[in-house]
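Biologist: I'm still new to reading structures, so could you pick one small part of this one and take me through it slowly? Start with any term I need, then work outwards.

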Amino acid sequence: PYTESSSGNSDTGVKLVEALITSPYPSFTSQFTSSLGVWARQLGTTPRNSSLPTSPLEIITPSPNSHSFTGGSGIKAIIPEMHESSLQRALRAARVLPHGTSDSMRLLRYERDGWTYHAKGLWCSLRSVHNSGMKENINSDCVEVSYIGSSNLGARSVYRDLELGFLIVTRDSSLQTALVRERQKLKKYCKAQAKLPGLSRR
């Protein structure tokens with residue numbers, strides 16, 4: 001999430017300032033869960049200003065009514081509950097919210113009558129950073145990153161299925177605008193969950 005090069009007493013590099021992750025079937029691998037924790041901790045310590053989002057790390061999953069296996073029979077009937085349990089374990093393992101609250105993360109639930117949720121992928125915004133002494137300056141120039149493919153970011157996609165994906169890294173302003181709009185469209189029918197599941201104050 002951060003790369004840098006040194007020159008004298010100053011450092012320049014690129015830093016993650018915003019990320020959106022979405023999966024209809026949240027069964028994240030341990031490696032991805034670890035990355036999630038790193039991202040949340042870094043984003044939580046990044047100074048916020050008017051040009052940066054107040055909840056920089058967002059995760060979208062379907063609400064119980066919008067899960068594609070809701071109402072299924074047999075083994076399919078318990079799949080939504082299994083995915084919810086997997087999401088809770090991932091949040092605990094990532095130590096995203098060791099005290100049950102965080103300004104750096106928001107969990108969103110897709111809810112739309114008559115629709116099921118099947119969007120998947122990740123979108124990230126990076127900014128150039130200049131460190132001079134004790135001060136970190138985040139510049140306005142931006143790099144947008146997105147993953148195109150058929151990955152649910154889960155164990156089956158990583159270990160069992162043959163998946164093809166592409167990572168887009170762009171400074172092109174028109175493509176950046178399109179990627180930002182894509183994120184906004186995904187959140188159109190989402191509601192923020194006030195309290196994250198499986199996490200309580202210690």
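Modeller: Sure, and here's the term to start with: a polar contact is a pair of N or O atoms within 3.5 Å, where, inside a protein, one atom must be able to donate a hydrogen and the other to accept it. Keep in mind that this is a predicted model.

Now zoom in on Ser 66, which sits in the loop between S3 and H2. Ser 66 is buried, with a relative accessible area of 0%. A polar atom of its side chain lies 3.2 Å from the backbone oxygen of Tyr 110. Leaving out residues up to four places away in sequence, Ser 66 touches Tyr 110, Glu 111, Arg 112, Trp 115, Thr 116 and Tyr 117.

Let's follow that list, beginning with Tyr 110. This tyrosine counts as buried, at 8% relative accessibility. For its ring, we need the aromatic pairs, and the structure holds five of them. One is between Tyr 25 and Phe 69, with 5.8 Å from centre to centre and 55 degrees between the planes, and it is tilted. Tyr 25 comes from the loop between S2 and H1, while Phe 69 comes from the loop between S3 and H2, so the pair ties together parts that are 44 residues apart in sequence. Tyr 25 is buried at 16% relative accessible area, whereas Phe 69, at 24%, is partly exposed.

Another pair is the one we were after: Tyr 110 with Tyr 189, edge-to-face, with 6.4 Å between the centres and 70 degrees between the planes. Tyr 110 belongs to strand S4 and Tyr 189 to the loop between helix H4 and strand S8, so this pair ties together parts that are 79 residues apart in sequence. Tyr 189 is partly exposed, at 30% relative accessibility.

Next on the list, look at Arg 112. Its charged end sits over the ring of Tyr 189, 4.1 Å from the centre. Arg 112 also lies over the face of Trp 115, at 3.9 Å from that ring centre. Remember that Arg 112 and Trp 115 are among the residues Ser 66 touches.

Now step back to the strand that holds Tyr 110. Five of the six residues of S4 are buried, so the strand is largely enclosed by the rest of the structure. What are its strand partners? S4 runs parallel to S3, with six bridges joining them, and antiparallel to S8, with three bridges. On the S3 side, Arg 106 of S4 stands opposite Glu 58. On the S8 side, Leu 108 has Ala 192 as its bridge partner.

S3 deserves a look too. Six of its six residues are buried. In a regular strand the side chains alternate between the two faces of the sheet. For S3, Leu 57, Ile 59 and Thr 61 are on one side, Glu 58, Ile 60 and Pro 62 are on the other, and all of them are buried.

Two of those S3 residues take us into the largest nonpolar core. It has 23 residues, and the members that touch the most others are Ile 21, Phe 28, Leu 57, Ile 59 and Cys 124. At least two residues of this core come from each of S2, H1, S3, H2, S4, S5 and S6. H1 gives the most, with five residues. There is also a second, separate core of nine residues, including Leu 20, Trp 123, Leu 179 and Cys 190.

Ile 21 is a handy place to see how the larger core links up with S3. Not counting neighbours within four places in sequence, its contacts include Leu 57, Glu 58, Ile 59 and Ile 60, along with Phe 28, Phe 32 and Trp 39. Those last three aromatics are themselves linked by ring pairs into a cluster.

One last stop, further along the chain. Lys 120 is found in the loop between S4 and S5. Is this lysine buried or exposed? At 18% relative accessibility it counts as buried, because the cut-off is under 20%. Apart from residues up to four places away in sequence, Lys 120 touches Thr 22, Ser 23, Pro 24, Ser 150, Ser 151 and Asn 152.

So, to retrace the path: the Ser 66 side chain meets the backbone oxygen of Tyr 110, Tyr 110 lies in S4, and S4 is joined to S3 and to S8.

Methods
Residues are numbered from 1 along each chain as its sequence is written. This is a predicted model: local features need pLDDT of at least 70, side-chain atom pairs count only at pLDDT 80 or more; totals for chains, interfaces and linings use all residues. Side-chain values use heavy atoms; hydrogens and water are left out. Rings of Phe, Tyr and Trp (its six-membered ring) pair if their centres lie within 6.5 Å; planes under 30 degrees apart count as stacked, over 60 as edge-to-face and the rest as tilted. Helices (H or I, at least four residues) and strands (E, at least two) are DSSP runs, numbered from the N terminus. Buried means under 20% relative accessible area, exposed over 50%, partly exposed in between (1.4 Å probe, protein chains only). A charge sits over a ring if NZ of Lys or CZ of Arg is within 6 Å of the ring centre and within 35 degrees of the ring normal. Contact means heavy atoms within 4.5 Å. Two strands pair if DSSP finds at least two bridges between them. A nonpolar core is a set of buried Ala, Val, Leu, Ile, Met, Phe, Trp, Tyr and Cys residues joined through side-chain atoms within 4.5 Å.
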